[in-house]
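Please find below a note on the structure shown here, set out as numbered points.

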Amino acid sequence: MLYSSLIPRTSSSCKYFTTPKGPNTVIKYMTDNVLFRETLKDADLDKYRYEVGMHFCTDYLVVVMDEPHQRSLNTFVLFGILKKVARRRDFKLIVTSATLNAENFSLFFGSVPIFHIPGRTFPVQTLYSKSPCEDYIEAADEIEAACYALSERMEQLVSTTKQAVSKLLNFPIYSQLPADLQAKIFQKAEDGARKCIVATNIAETSFTVDGIFYVIDTGYGKMKVYNPRMGMDALQVFPVSRAAADQRARRAGRTGPGTCYRLNTETAYQYELLPSSVPEI
C-alpha cells in the first residue's frame, strides 16, 4: 500500500493501463515486458541525464527485478541487458525471489552479495497421495469446469447426508478473468460459509488471500510452449517443478498454520519433478 503523500511521486505501466510519469516521480512500477521495450530505445537506461547538485543522474538509478524464478523470456533477456547497465557506478540492480537459486544468479552478475531475508510465513504441513492419482486433468483442467464440478458435488452431498453441511463458495481466478470478478476472491466469506478458490498457477506468486489454510496441488500447470509446426505459442499441460510446488504450498501459510495436499506421491515429487521451471527462452 502506498501512502497518500507518496502517490503523486509514483507511476505505473503495464499491458492494460499506464499512469503517466510526472516531474516529481521517484518510483515507477512496470512489467518486465514494458522495461524490455524501454531498453530497445535506450539499452543503457541513461538517455535522460540531468544535473542534481554536483552530480549527474539518470532516469533509472535502481532497478528491482521481482519473481525472476518464473523464468520468462523478457526477464532472461533483461538480465543480459542489465548486466551491462550494472557497470555504471550510479546504478544498482536488486533481484528478489522466494525460490530462486541465488548462487547461480550471483555468479552470473560477477559474484555479487546475497542477502537472505526471513519471511513471515507460518508452518505448512505437506501431505502426499499414497498412490498415483488417475487422470484428473482431463475432467477438470479448465477452471470454470472445476468450479462447476465442485458445486455439483456439494449439491449431491447436501441432498444425501443428514448432517448439516456448510455452504461452499467457489471462486475462479485466472489472468483473463475480468477485474471485477477477480476482486471477489478477496471478499470476506459470509458467516458459516467456506471459501474455495480454483486457480491457475497465477496464484503461486501474484497475490495473497487472507484466510487460506488449505492448498490442494494437482502437481500440474499450463506452460506456454512454442510449436514450430504451427509457428505460434500454445498452452500445454506439464508437471510443475519442485520450486513451483514449494511456492504453492507456501500459500497455505501466509496468515496462519496450514496444510498442503499434493495429489502426487512423495516419490514423484522427489525424483520426477524438475528442480526448477524450464526457462521460456
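The points that follow move from the whole chain to its cores and then to one loop residue.

1. This is a predicted model, in which local features need pLDDT of at least 70 and side-chain atom pairs count only at pLDDT 80 or more, while totals for chains, interfaces and linings use all residues. Residues are numbered from 1 along each chain as its sequence is written, and side-chain values use heavy atoms, with hydrogens and water left out.

2. The protein has eight helices and 14 strands; these are DSSP runs numbered from the N terminus, helices being H or I of at least four residues and strands E of at least two.

3. Of its 281 residues, 29% are buried (under 20% relative accessible area; exposed is over 50% and partly exposed in between, with a 1.4 Å probe and protein chains only).

4. The largest nonpolar core (buried Ala, Val, Leu, Ile, Met, Phe, Trp, Tyr and Cys residues joined through side-chain atoms within 4.5 Å) has 14 residues, of which Ile173, Ile185, Phe207, Val209 and Val215 touch the most other members. Strand β9 (residues 167-173) gives this core its largest share, three residues. A second, separate core holds 13 residues, including Leu45, Tyr60, Leu78 and Leu82.

5. Where is Phe122 found? Phe122 lies in the loop between α3 (102-108) and β8 (124-128), and is partly exposed, with a relative accessible area of 38%. Phe122 and Arg254 are 132 residues apart in sequence, yet 6.2 Å apart in space, C-alpha to C-alpha.
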